[in-house]
Amino acid sequence: MVGRSPFYSYGSDQVSLFKRIVQVKYSFPPGYIVTDVSQDIIQRLIVRRQANRLGCLANADIDVREHGFFQGINSEKLLAKKIQAPWVPSLRDPLDASHFDSYKHIEQEQQTKRAILSSKQQELFVGF
């Protein structure tokens with residue numbers, strides 16, 4: 001909704017992000033950018049215990065469809081593909097990814113140097 005995960009914390013690395021996900025530590029940007037109903041559905045979907053998660057309760061997917069976030073969307077028409085998409089991207093070809101963020105800067109980063117195992121250490125893994 002705002003272009004980043006609720007688990008993201010400015011300046012944190014990937015390991016910190018994964019820890020926040022596992023610990024279910026999240027926050028929403030200040031200033032009511034994310035509406036109360038939006039926060040509610042996110043909070044109900046990212047519950048750690050699956051048995052308590054929205055969509056995993058007795059009413060299954062009906063709970064998700066009837067949540068206030070989806071008010072005004074006819075789920076039957078949506079599932080039958082009878083609702084026209086509000087935006088259809090123009091594509092140059094089937095592999096066009098121009099509408100996605102570029103991660104080339106990450107792909108081109110130098111790998112951190114890792115210690116090379118000694119011959120003795122390598123022997124420990126023979127046959128593994």
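Start by selecting V34 in this predicted model. Leaving aside residues up to four places away in sequence, V34 touches M1, V2, F28, P29 and Q39.

Keep V34 displayed and add F28, I41, I42 and L54. Together these 5 residues make up the largest nonpolar core. F28 therefore appears twice in the tour so far, as a contact of V34 and as a member of that core. F28 has a relative accessible area of 18%, and because buried means under 20%, F28 counts as buried.

Next, stay on F28 and show the aromatic rings. A search of the whole structure finds 4 aromatic pairs. One of them joins Y26 and F28: the ring centres are 5.7 Å apart and the planes are at 75 degrees, an edge-to-face arrangement. Is Y26 buried or exposed? Neither label applies, because its relative accessible area is 28%, which makes Y26 partly exposed.

Now add F7 to the selection. Ring pairs link F7, Y26 and F28 into a cluster. F28 thus belongs both to this cluster and to the largest nonpolar core.

For the last stop, select F69 and F70. How are their rings arranged? Their centres lie 5.0 Å apart with the planes at 90 degrees, so this pair is edge-to-face. Colour the two residues by accessibility: F69 is partly exposed at 33% relative accessibility, and F70 is also partly exposed, with a relative accessible area of 27%.

Note on methods
Residues are numbered from 1 along each chain as its sequence is written. This is a predicted model: local features need pLDDT of at least 70, side-chain atom pairs count only at pLDDT 80 or more; totals for chains, interfaces and linings use all residues. Side-chain values use heavy atoms; hydrogens and water are left out. Rings of Phe, Tyr and Trp (its six-membered ring) pair if their centres lie within 6.5 Å; planes under 30 degrees apart count as stacked, over 60 as edge-to-face and the rest as tilted. Buried means under 20% relative accessible area, exposed over 50%, partly exposed in between (1.4 Å probe, protein chains only). A nonpolar core is a set of buried Ala, Val, Leu, Ile, Met, Phe, Trp, Tyr and Cys residues joined through side-chain atoms within 4.5 Å. Contact means heavy atoms within 4.5 Å.
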